[in-house]
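Trainee: Pick one part of this structure and give me a close look at it, please. I'd like to follow how that part connects with what surrounds it.

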Amino acid sequence: GNGKTHLAVATGRHLAEKGQRVAFHGVVALFAQIRASFAPDGPPRPNLEYPDALILDDLGKVKPTEFVYQEFYAALEARWANEKTTIFTANHRPSAAAAHLAPDSESAAAILSRMASGAVVEIKGRDERLPT
């Protein structure tokens with residue numbers, strides 16, 4: 001309600017207009033799609049390494065399991081190694097968002113080091129979804 005997703009999407013649109021391949025995923029739907037892709041007739045697995053800019057919306061909304069950690073870490077590591085832009089939105093500071101994605105503190109530290117290697121922008125304000 002503070003405009004985090006709006007700002008991330010606007011940034012993605014700007015990058016797309018400059019010719020970059022941009023993908024947007026809400027993390028809850030993303031992990032549901034990844035899990036479903038293992039079924040014989042499931043949807044295709046999303047390629048998180050392909051886009052030049054990847055927007056991952058609402059970190060901290062999935063349960064921290066070994067599966068979530070492995071998938072998220074693998075995508076982050078590949079993107080970081082290939083110097084690709086990854087934009088995250090969360091209702092938490094980066095350390096807390098990383099903790100929500102990892103089953104233990106060591107794993108959370110590995111995610112945090114990759115997440116925080118760029119700029120962190122804090123957006124404050126009233127939640128526009130709530131009545132005044």
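**Helix α1 and its surroundings**

Mentor: Let's take α1, whose buried residues pack against β1 (22-26), β2 (53-59) and β3 (85-90). Keep in mind that this is a predicted model. The helix runs over residues 4-17, so 14 residues in total, and spans 20 Å from its first C-alpha to its last, close to the 20 Å expected at 1.5 Å a residue.

Which residues of α1 are buried? They are Lys-4, Ala-8, Gly-12 and Leu-15. These four sit on the same side of α1, because they cover an arc of only 65 degrees around the axis. If that spacing looks familiar, here's the background: an α-helix has 3.6 residues a turn, so residues three or four places apart point the same way. Now look at the face of α1 turned away from the buried side: there you'll find the exposed residues His-6, Arg-13 and Glu-17.

Next, what the helix is leaning on. The three strands make an open sheet in the order β1-β2-β3, and the pairing is parallel. Since β1 and β3 stand at the edges and have a single partner strand each, one side of each is left without a neighbour in the sheet. On average, neighbouring strands are turned by 15 degrees against each other, direction ignored. Zooming in on one pairing, β1 and β2 run parallel and are joined by five bridges. To find one residue pair in there, go to Phe-24, whose bridge partner in β2 is Ile-55. α1 packs on this sheet and touches β1, β2 and β3, with its direction making about 165 degrees with that of β3.

Now walk off the end of the helix. Just after α1 comes Gly-19, with a positive phi of about 95 degrees. Carry on to Arg-21, and you reach a side chain that meets that of Asp-52 in a salt bridge, at 2.9 Å from N to O. Arg-21 lies in the loop between α1 and β1, while Asp-52 lies in the loop between α2 (27-36) and β2, so the pair ties together parts that are 31 residues apart in sequence. Buried or exposed, then, for these two partners? Neither word quite fits: Arg-21 is partly exposed, with a relative accessible area of 34%, and Asp-52 also counts as partly exposed, at 22%.

That bridge isn't on its own, as the structure holds three salt bridges. Another one pairs Arg-45 with Glu-71, where the closest N and O atoms are 2.1 Å apart. Arg-45 belongs to the loop between α2 and β2 and Glu-71 to helix α3 (residues 66-81), so parts that are 26 residues apart in sequence get tied together. Arg-45 is partly exposed at 40% relative accessible area, whereas Glu-71 is buried at 19%. You'll also see Glu-77 in a salt bridge with Arg-114, their closest N and O atoms being 2.4 Å apart. Here Glu-77 comes from helix α3 and Arg-114 from helix α5 (residues 105-115), so the pair ties together parts 37 residues apart in sequence. Glu-77 counts as partly exposed, at 26% relative accessibility.

Back to where we started: put α1 on screen with Ala-8 and Leu-15 among its buried residues, and follow that side to the three strands it packs against.

Definitions and conventions. Residues numbered from 1 in each chain as written. Predicted model: local features only at pLDDT ≥ 70, side-chain atom pairs only at ≥ 80, totals over all residues. Heavy atoms only, no water. Helix = DSSP H or I, 4+ residues; strand = E, 2+ residues; numbered from the N terminus. Expected span 1.5 Å × (residues − 1). Buried < 20%, exposed > 50% of the residue type's maximum accessible area, 1.4 Å probe, protein only. Arc of directions from axis to C-beta. Contact = heavy atoms within 4.5 Å. Salt bridge = Lys/Arg side-chain N within 4 Å of Asp/Glu carboxyl O. Pairing = 2+ DSSP bridges. Axes fitted to C-alpha atoms, helices over the stretch in contact; angles between N-to-C directions.
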